[in-house]
Amino acid sequence: MTATTPHIDNLLHESRRFPPSDAFAESAVATSDLYERAAADREGFWAAQANALHWHTPFTRVLDWSNPPFARWFDDGELNVAYNCLDRHVEAGLGDRIAVHWEGEPGDSRSISYAELTAEVKKAANLLTALGVGQGDRVAIYLPLIPEAIISMLAVARIGAIHSVVFGGFSAESLRARIDDADAKLVITADGGYRKGRAFPLKPTVDAALAPDADGATTNVEHVLVVERTKGEVQWHEGRDLWWHDEIAVASAEHVAKPFPAENPLFILYTSGTTGKPKGILHTSGGYLTQAAFTHKNVFDLHPESDVYWSTADVGWITGHSYVVYGPLANGATEVIYEGTPDTPHPGRWWEIVQKYRVSILYAAPTAIRTFMKLGRQIPQQFDLSSLRLLGSVGEPINPEAWVWYREVIGGGLTPVVDTWWQTETGAIMISALPGVTTLKPGSAQVPVPGIELDVVDERFRSTPADEGGLLVITQPWPSMLRGIWGDPERFKETYWSTFGPTTYFAGDGARRDKDGDIWLLGRVDDVMNVSGHRLSTAEIESSLVSHPMVAEAAVVGASDETTGQAVVAFVITKASHADAAAAEDAAATLRAHVAQQIGAIARPRQVFIVNELPKTRSGKIMRRLLRDVAEGREIGDTTTLADTHVMSIIATTVR
Ligand code: WT7
């Protein structure tokens, strides 16, 4: 697409449409009547989806919204989340089906059937119980992406306890803050894991996190369970530390899953707010599992008997909870998980994995897709990707150019691409096309999934007219909605339910609906710029920049400007093939003109800086705040959450 089609490719002018093929539509899981059924009786619709799960005690109430914003779903029902993900598939005769194909970064692998996974989780559940963990207790999980991560999460769920998974890239300090906030009594970790061709240690970080702090304060962690992965050297705290393999070896594989109330907490997952300490987003059981399973099946068109599904997310993020663990396993899917980085030991590693396991559904982030675009299509083209039949995107707006590249180069020009909008807080997908039903529009997340009610409004809560930007709000409670911020109900109300009153969820994203009613996400509202009174989206200008053949990746910030309020400042990585083609100054001038020509003079960046890297968090999000610091000539702020903390000093030097 890059070299061949000089498309006008930005969010305003995107006009390509991809209707579902007849063949796909014919056997699609989703059907258009889902929308009608949900519109006719929203609660009845969700009750029907919930009843696809196994309930030890059936619910009679669907939704209690008498005390907003505190919702209760299916609250007189009882279920066991792990039973739903494991035992019931085995009892249905599917025990031999592979649940997880695990691929370690060094090339080791392990395929685990539903029967085996169920047995492992039963042993782990017995082990946790023996260690004194019971219903409602918090367990911190700090693991690489190895099968024990999934086993641990399901074992915690099975006994009605609450997990708090902390991404393995977080520091000791971050881990300690999360352990303290949740008051965890057990930590599950590993000696280390593999990334970028090296073993990285985890256990020393846990030791540091649990050490008395500057004031001598300690945690209430009683035990640390350590999985052996890298066989790296570890310090041992007698009485506290236990080897996973020693303990599991003596644990019984008999364990009967007990029912827990639908609103029993399932997990806490920390996510950064705009300021201050991370928020512990709380999710519960019945509603969460209902929406995770429903969306996983319908948005990814899952045919569990034949598909091989791969979400590249780590379990440290919400995608790893809903679309690596709970959604796929509740649906009896066969899935792939991969421990390492996409470029180890070679840049085709992902595509090699797709080929090896004949992956049919791939769910990845736009940042990864753009990285592959930058490397060029010759890399994926070395592998057989013909098994792929559906592609998904999540985490940030996917610019049309990347969307089309994904479909053309990875999907062989045939696969639907679903762009899924949701958040840690929403628990499951909220906006997405339904493959086989929706005519796809590159760059738009399109429509709320059946059963979800939302709107795009202005500051005074009036629906915005077509093609005008506004704020995305969710106007009705949904089953997988967050139930609170752990330990801080006031912050919960204040952050999400105060802008437009206690029954309207304010997502923090800007959005625009087009004349067809399709939704275009415009980035976090703090990334929406106002230039001379005109509303401009960072995503829109980035998309325009990326559509230029010279550009591999772009980040745009609104920097304060004396004359115009804000001004557009762009940071651009050029493609390797264009690196020397033009001097940086010429490139900047060309790109300023390009944006002005595509979107309008108002959007012309004040400055375009050609850089080698962009500052990204470990989850791949560009930290625009830091770029804004550079653009505004300020001291660069806190860089501790960056994947690579050196990036900013390099950028600052380039810009000066
Ligand atoms: C924020 C939530 C959802 C799992 C991963 C991120 C942005 C997410 C999209 C999308 C445009 C998106 C939003 C949202 N976002 N998906 N398809 N299109 N923006 O979860 O870390 O909680 O971040 O990610 O800004 O608010 P998260």
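1. A crossing of two helices is called left-handed if the near helix is turned anticlockwise from the far one by less than a right angle, and right-handed if it is turned clockwise. By that rule, H5 and H6 cross in the left-handed sense. The pair to look at is helix H5 (residues 87-94) against helix H6 (residues 114-130): their axes come within 9 Å and cross at roughly 145 degrees. On the H5 side the contact uses Asp87, His89, Val90 and Leu94, while H6 brings Tyr114, Ala115 and Thr118. Sorted by class, that H5-H6 contact has four nonpolar, two polar and one charged residues.

2. Before going further, keep in mind that this is a predicted model. As for the overall layout, the protein is split into domain 1, covering 6-508, and domain 2, covering 534-655. Going by C-alpha atoms, the centres of domain 1 and domain 2 are 31 Å apart.

3. Next, the seven-stranded sheet. This sheet is open, its pairing is mixed, and the strands come in the order S5-S4-S17-S16-S18-S19-S20. Strand S5 (109-113) sits at one edge and S20 at the other, each pairing on one side only. From one strand to the next the twist averages 15 degrees. At the S20 end, strand S19 (residues 390-394) and S20 run parallel and are joined by four bridges. If you want a register check there, Val394 is opposite Thr420 in S20.

4. What lies across this sheet? Helix H12 does: it lies across strand S4 (98-103), strand S16 (308-311), S17, S18 and S19. Relative to S16, H12 runs at about 160 degrees. H12, which spans 318-330, turns up again at the ligand, where it supplies at least two residues of the shell.

5. The second sheet to check is also open, but it has four strands, ordered S21-S22-S24-S25, with antiparallel pairing. Its edges are strand S21 (454-457) and S25, each with pairing on one side only. Here the strand-to-strand twist averages 40 degrees. S21 pairs with strand S22 (residues 469-474) over four bridges, in the antiparallel sense. Within that pairing, Val457 faces Leu471 in S22.

6. Now the ligand, where several of these elements come back. Which residues are the closest to it? They are Pro397, Trp421, Gln423, Thr424 and Leu521, out of 19 residues that surround the ligand. Besides H12, the elements that each give at least two residues to the shell are strand S20 (417-420), strand S24 (505-513) and strand S25 (519-524). S24 gives the most, with three residues. So the shell draws on both sheets, if you go by element definitions: S20 belongs to the seven-stranded one, and S24 and S25 to the four-stranded one. By class, the shell comes out as eight nonpolar, seven polar and four charged residues.

7. Then there is a small hairpin worth opening up. S1 and S2 run antiparallel and are joined by three bridges, and the hairpin connects them through two residues. Asp64 is placed opposite Arg72 in S2. In the loop between strand S1 (63-67) and strand S2 (70-73) you will find Pro69. The peptide bond joining Pro68 and Pro69 is cis, with omega at about 5 degrees.

8. A few backbone spots deserve a look in the viewer. Most residues other than glycine have a negative phi, and most peptide bonds are trans. Where is the other cis bond on my list? It joins Thr344 and Pro345, with omega at about 0 degrees. Pro345 is in the loop that runs between strand S17 (334-338) and helix H13 (349-357). Further along, Arg358 has a positive phi, near 50 degrees, and is a residue other than glycine. Arg358 is in the loop between H13 and strand S18 (361-364).

Key. Residues numbered from 1 in each chain as written. Predicted model: local features only at pLDDT ≥ 70, side-chain atom pairs only at ≥ 80, totals over all residues. Near = placed C-beta within 6 Å. Nonpolar A, V, L, I, M, F, W, Y, C, P; charged D, E, K, R; others polar. Domains from an automatic or database assignment. Pairing = 2+ DSSP bridges. Axes fitted to C-alpha atoms, helices over the stretch in contact; angles between N-to-C directions. Contact = placed C-beta atoms within 7 Å.
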